[in-house]
Amino acid sequence: MAVMITDECISCDACAPECPVAAILDAANEKNPKDDMYYVKPESCVECVGHAEAPRCAEACPTEGAIVWDMPFTVEFSEYYKAGHEAGVYKIREHKSKGLMLPEVKSQPFSAQITSEARESHANVSE
Ligand code: SF4
Ligand code: SF4
């Protein structure tokens with residue numbers, strides 16, 4: 001990933017239009033595994049690397065604690081994302097020939113300045 005949207009989300013829609021890679025889905029989207037909140041597709045989120053100084057979604061979000069750090073979408077965290085997909089935390093895209101689009105199929109850029117501690121504790125992105 002990436003960043004993650006938590007159950008603090010109030011579904012205001014401020015974040016989705018700001019995402020440069022269309023990684024944010026609203027609650028009604030069938031690709032969203034959550035029922036009542038927005039969702040970031042970890043296989044698509046680039047942490048805004050190459051697009052902005054900081055995650056645009058978090059800058060637009062009015063709700064404290066709604067957008068937090070998650071692990072980088074890199075091979076090192078393939079098992080983490082696979083387990084999360086199986087547990088329903090994520091809904092990773094299934095490609096017709098490539099299969100589940102886990103990091104070993106396609107990894108994504110991530111912000112190297114964010115510490116492992118911040119990611120593991122799902123710290124607020126806007127802090
Ligand atoms: S961090 Fe950037 S790329 Fe990722 S979901 Fe937010 S706006 Fe989209
Ligand atoms: S801007 Fe924040 S509160 Fe609004 S939909 Fe996005 S994550 Fe949820």
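Me: Where does glutamate 8 lie in this predicted model?
Reply: The model is predicted. Three of the contacts of glutamate 8 beyond four places in sequence are Thr63, Gly65 and Ala66. Its own place in the chain is the loop between S1 and S2.

Me: How far apart in space are glutamate 8 and glycine 65, C-alpha to C-alpha?
Reply: In sequence, 57 residues separate glutamate 8 from glycine 65. The two residues are nevertheless in contact. Their C-alpha to C-alpha distance is 6.3 Å.

Me: Is glutamate 8 buried, exposed or partly exposed?
Reply: Burial takes 20 or more other C-beta atoms within 10 Å, and exposure 12 or fewer. Glutamate 8 has 14 such neighbours, so the residue counts as partly exposed.

Me: Is glutamate 43 buried or exposed?
Reply: Glutamate 43 sits in the loop between S3 and H1. Around it, 24 other C-beta atoms lie within 10 Å. The cut-off for burial is 20. Glutamate 43 is therefore buried.

Me: Which residues does glutamate 43 contact, leaving aside neighbours within four places in sequence?
Reply: Isoleucine 24 is 19 residues away along the chain, with its C-alpha 11 Å from that of glutamate 43. Contact requires C-beta atoms within 7 Å. The residues in contact with glutamate 43 are Phe73, Ile92, Arg93 and Met101.

Me: What is the phi of cysteine 48?
Reply: Cysteine 48 is in the loop between strand S3 (39-40) and helix H1 (56-60). It is buried, with 23 other C-beta atoms within 10 Å. Most residues other than glycine have a negative phi. Cysteine 48 is not a glycine, yet its phi is positive, about 65°.

Me: Which residues come nearest to ligand 1?
Reply: The shell of ligand 1 holds 15 residues. By class, 12 are nonpolar, none is polar and three are charged. Those that come nearest are Cys19, Cys45, Cys48, Pro55 and Cys57.

Me: Which residues come nearest to ligand 2?
Reply: Around ligand 2 there are 14 residues. They divide into 11 nonpolar, two polar and one charged. The nearest are Cys9, Cys12, Ala14, Cys15 and Cys61.

Me: Which residues of the largest nonpolar core touch the most other members?
Reply: In soluble globular proteins, nonpolar side chains tend to be buried together. The largest nonpolar core here has 29 residues. The members with the most contacts to other members are Val3, Ile5, Cys15, Ile24, Val40, Cys57 and Ile67.

Me: Which elements give two or more residues to this core?
Reply: Cysteine 57 belongs to the core. Beyond four places in sequence, cysteine 57 touches Val3, Cys15, Glu18, Cys19, Ile24 and Ile67. The elements giving two or more residues to the core are strand S1 (3-5), strand S2 (24-25), S3, H1 and strand S4 (67-69).

Me: Which element do the buried residues of H2 pack against?
Reply: Helix H2 (residues 78-87) has Tyr81, Gly84 and His85 as its buried residues. These cover an arc of only 100° around the axis, so they are on the same side of H2. The face turned away carries the exposed residues Glu79, Ala83, Glu86 and Ala87. The buried residues pack against S6.

Me: Which residue follows H2, and what is its phi?
Reply: H2 runs over residues 78-87. Glycine 88 comes after it, with a positive phi near 85°.

Me: Is histidine 122 buried, exposed or partly exposed?
Reply: Histidine 122 is in the segment after H3. Its phi is positive, near 50°, although the residue is not glycine. Histidine 122 has 16 C-beta neighbours inside 10 Å, so it counts as partly exposed.

Me: How far apart in space are lysine 106 and lysine 41, C-alpha to C-alpha?
Reply: Lysine 106 is in the loop between strand S6 (99-100) and helix H3 (116-120). With 13 C-beta neighbours inside 10 Å, it is partly exposed. Lysine 41 is 65 residues away in sequence. C-alpha to C-alpha, the two lysines are 13 Å apart.

Me: What is the radius of gyration of the protein chain?
Reply: The chain has three helices and six strands. From the N terminus on, they run β-β-β-α-β-α-β-β-α. The globule rule gives 14 Å for 127 residues, and the chain comes close to that, so it is as compact as a globular protein of that length. Its radius of gyration is 13 Å.

Conventions. Residues numbered from 1 in each chain as written. Chains lettered and ligands numbered in written order. Predicted model: local features only at pLDDT ≥ 70, side-chain atom pairs only at ≥ 80, totals over all residues. Near = placed C-beta within 6 Å. Nonpolar A, V, L, I, M, F, W, Y, C, P; charged D, E, K, R; others polar. Helix = DSSP H or I, 4+ residues; strand = E, 2+ residues; numbered from the N terminus. Rg over C-alpha atoms; globule rule 2.2 N^0.38 Å. Arc of directions from axis to C-beta. Core = buried A, V, L, I, M, F, W, Y, C linked by C-beta atoms within 7 Å.
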